[in-house]
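Please load the coordinates in your viewer and keep the selection panel at hand. The tour proceeds stop by stop, each opening with a selection.

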Amino acid sequence: MTFELQKRLAEERGFRLMLGFIIRPPHQFLSLLLCPGLRIPPLSVLCAQPRPRTMAVSSSSWELPLVAVCQVTSTPDKQQNFKTCAELVREAARLGACLAFLPEAFDFIARDPAETLRLSEPLDGNLLGEYTQLARECGLWLSLGGFHERGQDWEQTQKIYNCHVLLNSKGSVVATYRKTHLCDVEIPGQEPMRESNSTLPGPSLESPVSTPAGKVGLAICYDMRFPELSLALAQAGAEILTYPSAFGSITGPAHWEVLLRARAIETQCYVVAAAQYGCHHEKRASYGHSMVVDPWGTVVARCSEGPGLCLARIDLNYLRQLRQHLPVFQHRRPDLYGNLGHPLS
């Protein structure tokens with residue numbers, strides 16, 4: 001399916017799509033075409049950083065797996081949030097994506113800890129059941145970036161987990177990762193965050209999972225500030241790191257893209273970051289700017305303002321070539337500074 005046809009089909013269904021396809025003709029630098037989201041001009045073009053010619057690949061971009069990154073504005077209304085997410089997931093499936101990524105708190109963003117606890121559900125609850133049915137219906141994998149989970153210890157603790165759930169195309173849960181770094185911060189000009197008021201930290205990392213797009217390492221938002229986690233996932237075989245997020249309006253412009261590109265460069269992985277955008281209610285707003293970064297550190301797809309999608313193709317041959325030409329993991333010196341980010345068992 002051509003770019004113009006994909007764009008036309010999306011717009012006929014009421015979407016303005018953000019497309020970032022990797023184009024690598026021989027002996028030419030990478031160029032990136034973006035078709036931006038709602039409420040912004042119809043077309044913008046970003047010239048990416050050049051890559052060495054020796055790492056150009058010959059495979060057609062249309063043969064590469066396509067992933068979709070969804071940007072939403074969650075509210076305390078769980079059913080409306082599901083309706084919005086389901087619409088984007090169905091559009092991703094129609095456009096040929098094999099895996100769709102939803103942001104942290106895709107299920108809801110509450111006004112206070114008490115409402116968060118009241119709206120939370122177990123993994124076998126009704127809401128996740130709707131997403132398993134959606135994955136089966138659409139025939140694609142879903143990264144559910146941060147589900148407010150009532151765990152098995154709910155009765156004892158009265159606290160929840162921020163749980164990243166990965167569903168396969170049959171709707172089965174193939175992996176769960178519970179956020180290990182909780183966001184308890186006070187940033188001037190931004191609403192204080194006290195995630196630990198309602199949430200328990202997860203006990204462990206999850207080994208990377210093989211998907212149609214590559215081996216995916218699971219993380220959530222604030223985890224991106226801890227490179228040890230991304231290094232551990234990369235050493236365990238991750239090819240794609242995913243950071244579903246709800247970044248604030250102060251830290252977002254300063255740190256969001258910088259951190260994501262840094263994690264991609266140091267691990268030589270693709271980084272996929274689905275983000276919350278806009279005003280959720282009177283107490284909270286999020287930065288947005290969902291994106292995909294390639295292992296060279298280039299932003300190859302990006303959402304701008306408003307709910308919508310961005311799409312990117314994952315080129316694992318390019319990733320392997322880059323790791324061969326720049327073998328940083330072979331050059332590490334744990335004898336000098338320890339094994340930062342221990343490989344997962």
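What span should the 13 residues of helix 4 have at 1.5 Å a residue, and how far apart are its end C-alpha atoms? The model is a predicted one, and this helix is the point of departure.

**Helix 4**

Select residues 126-138, which make up helix 4. The expected span is 18 Å and the end C-alpha atoms lie 19 Å apart, so expectation and model agree.

Next, highlight L127, L128, Y131, T132, L134, A135 and C138, the buried residues of helix 4. Looking down the axis of helix 4, one finds these buried residues within an arc of 155°, and therefore they line one face of the helix. To see what covers them, display helix 2, strand 5 (99-102), strand 6 (141-149) and strand 7 (161-167), which are included in the cover. Immediately after helix 4, select G139, where phi takes a positive value of about 70°.

**Salt bridges around helices 2 and 4**

Across the whole structure, a search yields 14 salt bridges. Begin with E121 and K78, whose closest N and O atoms are 2.7 Å apart in a salt bridge. E121 belongs to the loop between helix 3 (113-119) and helix 4, while K78 belongs to helix 2 (residues 78-94), so this pair ties together parts separated by 43 residues in sequence. Both E121 and K78 are buried.

Then select R90 and E137, a salt bridge with its closest N and O atoms 2.6 Å apart. Here R90 sits in helix 2 and E137 in helix 4, so that distant parts of the chain, 47 residues apart, are linked. Are R90 and E137 buried or exposed? R90 is partly exposed, with a relative accessible area of 31%, and E137 is likewise classed as partly exposed, at 48%.

**A salt bridge within helix 7**

Move to helix 7 (residues 251-267) and select R263 and E266, which are 3 residues apart and thus separated by about one helical turn. Their side chains meet in a salt bridge at 2.4 Å, N to O. An α-helix has 3.6 residues a turn, so residues three or four places apart point the same way. R263 is buried, at 6% relative accessible area, whereas E266 is partly exposed, at 24%. For a linked set, select E104, K179 and E195, which salt bridges with shared partners join into one network.

**The nonpolar cores**

Which residues touch the most other members of the largest nonpolar core? Select W256, L260 and V292, which hold that place among its 51 residues. Centre the view on W256 and display its contacts beyond four places in sequence: M224, Y243, S245, F247, T251, A273, A275, Y287, G288, H289 and M291. Another core, of 30 residues, lies apart from this one; A100, L140, L167 and L311 are among its members. In soluble globular proteins, nonpolar side chains tend to be buried together.

**A hairpin**

Y287, a contact of W256, leads to the next selection. Display strand 15 (residues 277-281) and strand 16 (residues 284-287), which run antiparallel and are joined by 4 bridges. The two strands form a hairpin with 2 residues between them. Within this pairing, Y277 of strand 15 stands opposite Y287 in strand 16.

**Two positive phi values**

Most residues other than glycine have a negative phi. Select A105, a residue other than glycine whose phi is positive, near 60°. A105 is located in the loop between strand 5 and helix 3 and is buried, with a relative accessible area of 8%. Then select Q158, also not a glycine, with a positive phi near 55°. Q158 is found in the loop between helix 5 (154-157) and strand 7, and its relative accessible area of 39% makes it partly exposed.

**The segment after helix 9**

Finally, select L344, in the segment after helix 9 (334-337). How many residues separate L344 from A232 in sequence, and how far apart are they in space? They are 112 residues apart in sequence, with 6.4 Å between their C-alpha atoms. Beyond four places in sequence, L344 touches L205, E206, S207, P208, A232, L233 and A236. At 24% relative accessibility, L344 counts as partly exposed.

Conventions. Residues numbered from 1 in each chain as written. Predicted model: local features only at pLDDT ≥ 70, side-chain atom pairs only at ≥ 80, totals over all residues. Heavy atoms only, no water. Core = buried A, V, L, I, M, F, W, Y, C linked by side-chain atoms within 4.5 Å. Buried < 20%, exposed > 50% of the residue type's maximum accessible area, 1.4 Å probe, protein only. Contact = heavy atoms within 4.5 Å. Salt bridge = Lys/Arg side-chain N within 4 Å of Asp/Glu carboxyl O. Expected span 1.5 Å × (residues − 1). Arc of directions from axis to C-beta. Pairing = 2+ DSSP bridges.
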